[in-house]
Amino acid sequence: MALPEEFHEIAGRVNNWGRWGADDESGTLNLITDEVVRAAATEVRTGRRIPLALPLQQDGIQTGVIPGRVNPLHAMVQINQELFGPGTVACSDDAVTMGLQAGTHWDALSHVSHSGRLYNGRPAHTVTAHGGAEFGGIGKARHLVSRGVLLDVARARGVDRLDGGRAVTPEDLEEAEEFGGVRVRAGDVVLVRTGQVRVYLAGDRHGYGYPSPGLSIRTPEWFHARDVAAVANDTLTFEIFPPESENLWLPVHALDLVEMGMLQGQNWNLEELSTACGETGRYAFLLSATPEPFVGATGSPVAPVAVL
């Protein structure tokens with residue numbers, strides 16, 4: 001089924017192809033300049049560090065709904081093994097098999113395509129079974145440190161968690177800005193809190209995934225207008241699920257990753273951060289969130305840390 005005209009109209013308004021050159025593979029991460037990072041460092045007041053990743057474990061988020069996206073399977077490959085002979089120092093080693101997007105992660109620009117194209121007009125067939133992503137792989141995001149801004153949409157609406165199936169709109173984002181006394185600016189990494197991860201933390205893995213609040217198809221234009229560098233939230237699917245428009249699946253993924261070249265993150269635990277920001281009345285901070293540099297991968301685990 002062809003993508004509707006509404007989608008293509010929005011795509012034309014947010015398209016960044018060629019903005020940073022025909023060979024660019026970094027997309028909106030180009031907006032994180034040295035000046036942006038220096039300014040981000042001034043947000044550190046107390047040095048308090050808040051982890052934003054969920055634990056990587058075998059009974060994690062994944063339920064089998066997304067094919068191949070398996071929770072971490074952890075195995076010991078050495079246990080107190082004296083590699084250099086009896087009486088020498090003993091080593092223990094591990095191995096893990098997992099979907100790179102199984103837990104808290106970033107989607108690479110190559111994660112989705114539409115109409116046969118990736119970001120910057122590159123052909124989708126450059127993602128192959130043996131080589132992975134030839135263009136726009138997560139390894140090209142070599143560092144991701146910037147000013148983070150929490151847009152706590154749930155708390156701004158006066159609730160702990162948005163209802164499942166609730167679309168987060170540009171108006172919601174602006175309400176959250178006003179609630180937090182902060183304004184999103186160029187080069188920021190925006191964290192959108194819906195409270196949905198509370199469902200997973202309460203033990204309901206299936207309820208966490210569906211139905212879920214998430215970003216509306218209208219939000220990419222807001223992020224584009226503000227020159228946001230990357231966006232992450234606390235849901236499995238990032239965008240609202242089921243979708244706003246019948247049979248229009250993952251349009252926000254396509255607009256963010258393909259048209260804008262903007263990384264997006266999912267399954268971030270924003271609960272402790274929400275509490276801390278509420279206590280201090282400060283919703284901006286230094287954020288360190290560099291993905292693991294898997295060459296050719298279309299996504300990667302990340303262990304983000306907010307420094308207040």
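**Exercise 1. Where is the place of aspartate 24? Then describe its surroundings.**

Solution. The model is predicted.

Step 1. Locate the residue. Aspartate 24 sits in the loop between helix 1 (5–14) and helix 2 (34–41).

Step 2. Check for a charge partner. Aspartate 24 is buried and has no salt bridge. Arginine 19 is the nearest side chain of opposite charge, 8.9 Å away. A salt bridge requires a separation within 4 Å, so this pair does not qualify.

Step 3. Look for a polar partner. The aspartate 24 side chain reaches the backbone nitrogen of serine 26 at 3.2 Å.

Step 4. List the contacts. Leaving out residues up to four places away in sequence, aspartate 24 touches Asn30, Tyr119, Asn120 and Phe135.

**Exercise 2. Classify the ring pair of phenylalanine 179 and tyrosine 283, and place both residues.**

Solution. Step 1. Count the pairs. The whole structure holds six aromatic pairs.

Step 2. Apply the geometry. The ring centres of phenylalanine 179 and tyrosine 283 are 6.0 Å apart, and the planes meet at 70°. An angle over 60 degrees counts as edge-to-face, so that is the class of this pair.

Step 3. Trace the chain. Phenylalanine 179 belongs to helix 4 (residues 170–180), while tyrosine 283 lies in the loop between helix 9 (271–280) and strand 13 (284–288). The two are 104 residues apart, and their pair links distant parts of the chain.

Step 4. Compare accessibility. Phenylalanine 179 has 41% relative accessibility and is therefore partly exposed. Tyrosine 283, at 8%, is buried.

**Exercise 3. Classify the ring pair of phenylalanine 241 and tryptophan 249.**

Solution. Step 1. Read the geometry. The centres are 5.8 Å apart and the planes stand at 50°, so the pair is tilted.

Step 2. Check exposure. Phenylalanine 241 counts as partly exposed because its relative accessibility is 24%.

Step 3. Extend the network. Tyr210 joins Phe241 and Trp249 in a cluster linked by ring pairs.

**Exercise 4. Which residues have the most contacts inside the largest nonpolar core?**

Solution. Step 1. Size the core. It has 67 residues. Those with the most contacts inside it are Trp106, Leu191, Phe223, Leu263, Trp268, Leu273 and Phe285.

Step 2. Find the main contributor. Helix 8 (residues 251–260) supplies the largest share, six residues.

Step 3. Set the other core aside. Another core, of seven residues, lies apart from this one and includes Leu54, Ile61, Tyr200 and Tyr208.

Step 4. Examine one hub. Beyond its neighbours within four places in sequence, phenylalanine 285 is in contact with residues including Glu43, Arg147, Leu191, Leu273, Cys277 and Val307.

Technical notes. Residues numbered from 1 in each chain as written. Predicted model: local features only at pLDDT ≥ 70, side-chain atom pairs only at ≥ 80, totals over all residues. Heavy atoms only, no water. Core = buried A, V, L, I, M, F, W, Y, C linked by side-chain atoms within 4.5 Å. Buried < 20%, exposed > 50% of the residue type's maximum accessible area, 1.4 Å probe, protein only. Helix = DSSP H or I, 4+ residues; strand = E, 2+ residues; numbered from the N terminus. Contact = heavy atoms within 4.5 Å. Lys, Arg positive; Asp, Glu negative; His and termini not counted. Polar contact = N/O pair within 3.5 Å; in protein donor to acceptor, adjacent residues only side chain to side chain. Phe/Tyr/Trp six-rings, centres within 6.5 Å; stacked < 30°, edge-to-face > 60°.
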